[in-house]
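Welcome! Open your viewer and get ready to select a few pieces one after another.

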Amino acid sequence: MLVSAKEMLNKAKEGHYAVGQFNINNLEWTKAILLTAQEMNSPVILGVSEGAGKYMCGYKTIVGMVEGMIEGLGITVPVALHLDHGSYEHAYKCIEAGFSSVMFDGSHYPIDENIEKTKELVAVCNEKGISLEAEVGSIGGEEDGVVGAGECADPAECKMIADLGVTMLAAGIGNIHGKYPANWPGLSFETLEAISNQTGDMPLVLHGGTGIPAEMIQKAISLGVSKINVNTECQLSFAAATRGYIEAGKDLQGKGFDPRKLLAPGTEAIKATVREKIELFGSANKA
Ligand code: 13P
C-alpha cells in the first residue's frame with residue numbers, strides 16, 4: 001500500500017529527475033494529488049505538516065483516509081505518506097500511526113543535538129522500513145506559524161548528517177516557504193554544488209517549491225535535488241478557482257451550493273498545478 005520514499009528517490013537521483021512532495025489539507029487535496037499522479041504514472045509523496053495533521057483530526061485519521069483512497073480509487077503508482085518538518089515527538093507519533101516516511105527537522109538544534117536525535121531516528125526508521133528526511137540549515141519563510149530566518153547550510157554539516165544513513169537530506173540554499181519576495185536573490189547554486197559534492201548519492205530535498213522559476217528547478221535537479229516540496233501553490237490555485245466560482249454566482253444557481261459542486265473547481269485547479277509540477281520535475285512515467 002503505502003511505500004517508503006527510499007526507492008523512488010534513489011531512482012530519481014540516478015535518473016536525474018525529482019519526485020514531488022505535495023502537501024495535503026483535506027480529502028479533496030488528497031484525491032486531486034493521487035488521481036493526477038496516477039494519470040501521469042508518477043510516484044508521489046503526500047506531505048503532512050503538524051498543523052495539517054491536527055486539522056485533519058490526527059495522524060491515524062490521515063493514514064486511514066489515504067490508505068482507503070488508494071484502494072477506493074485504484075491507485076497503483078508508488079505513494080509515500082510523509083510527515084513534513086516534524087519535531088522529534090511528532091516523528092514518533094507518525095511512525096506509530098502508520099506513516100511510511102517522516103521528516104525530522106532538527107535544524108534549529110545545535111548540530112550535535114541534531115546529529116544525536118537524527119541518529120536515533122535512523123535506527124528506528126530502518127527497523128520499520130520507513131524513509132527519513134533530515135534537515136540542515138533552516139528554510140526561510142513561514143510555515144504553520146513557524147518563521148524560519150532562512151540560511152545556507154554548511155556542506156560539512158550536511159555530510160555529517162548524510163553519513164548517519166538518512167534517506168534524504170533537506171538543506172537550506174536560500175529557499176523560502178510561501179511566496180518569494182520581489183527582491184529574492186534566487187537559489188544559491190554554489191551552496192547546492194558544495195553540498196552535492198560532499199553528500200554524493202544522497203537524494204537532496206528542495207523545500208519551498210512554490211514560485212521557483214522553471215530554469216532554477218531544472219538546474220537544482222541537475223545538481224542533485226531529487227525531491228521538491230510544493231504546498232502554497234496548490235493553496236493559491238484552489239483559492240483562486242473557488243473565488244471564481246463564487247464571484248460568478250454559481251453557488252446561487254440550482255444546487256451550486258452542494259459542496260461536491262462548490263469544491264470541484266478548486267479540486268480541478270489543484271490537479272492542474274500538480275500536473276504542471278510533475279511535468280517540470282520529470283517524474284511522469286517513472287512509477
Ligand atoms: P511552499 O509552500 O513554498 O511550496 O513550500 C512547501 C514546503 O517546502 C513544505 O515543506
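**Stop one: two helices**

Select Ile111, Asn114, Ile115 and Thr118 in H6, then add Glu157, Met160 and Ile161 in H7, and you will see where these helices meet (contact means C-beta atoms, placed from the backbone, within 7 Å). By class, this contact has four nonpolar, two polar and one charged residues. Here Ala, Val, Leu, Ile, Met, Phe, Trp, Tyr, Cys and Pro count as nonpolar, Asp, Glu, Lys and Arg as charged, and the others, Gly among them, as polar.

A quick note: this is a predicted model, where local features need pLDDT of at least 70, side-chain atom pairs count only at pLDDT 80 or more, and totals for chains, interfaces and linings use all residues. Residues are numbered from 1 along each chain as its sequence is written.

Now show all of H6 (residues 111–128) and H7 (residues 155–162): they pack at an angle of about 20°, with axes 10 Å apart. That makes H6 roughly parallel to H7 (angles under 35 degrees count as such).

**Stop two: strand S8**

Next, select S8, residues 168–171. Which way do its residues point? Met168 and Ala170 point one way, Leu169 and Ala171 the other, and all are buried (20 or more other C-beta atoms within 10 Å of their own, with C-beta atoms placed from the backbone). In a regular strand, side chains alternate between the two faces of the sheet.

**Stop three: the neighbours**

Add S5 (residues 131–136), which runs parallel to S8 and is joined to S8 by four bridges. Glu135 has Ala170 as its bridge partner in S8. Finally, select S10 (residues 204–206), which pairs with S8 in the parallel sense over two bridges (pairing needs at least two bridges found by DSSP). Leu169 has Leu204 as its bridge partner in S10.

How values were computed. Axes fitted to C-alpha atoms, helices over the stretch in contact; angles between N-to-C directions. Parallel < 35°, antiparallel > 145°, perpendicular 65-115°, else oblique. Buried ≥ 20, exposed ≤ 12 C-beta atoms within 10 Å, placed from the backbone.
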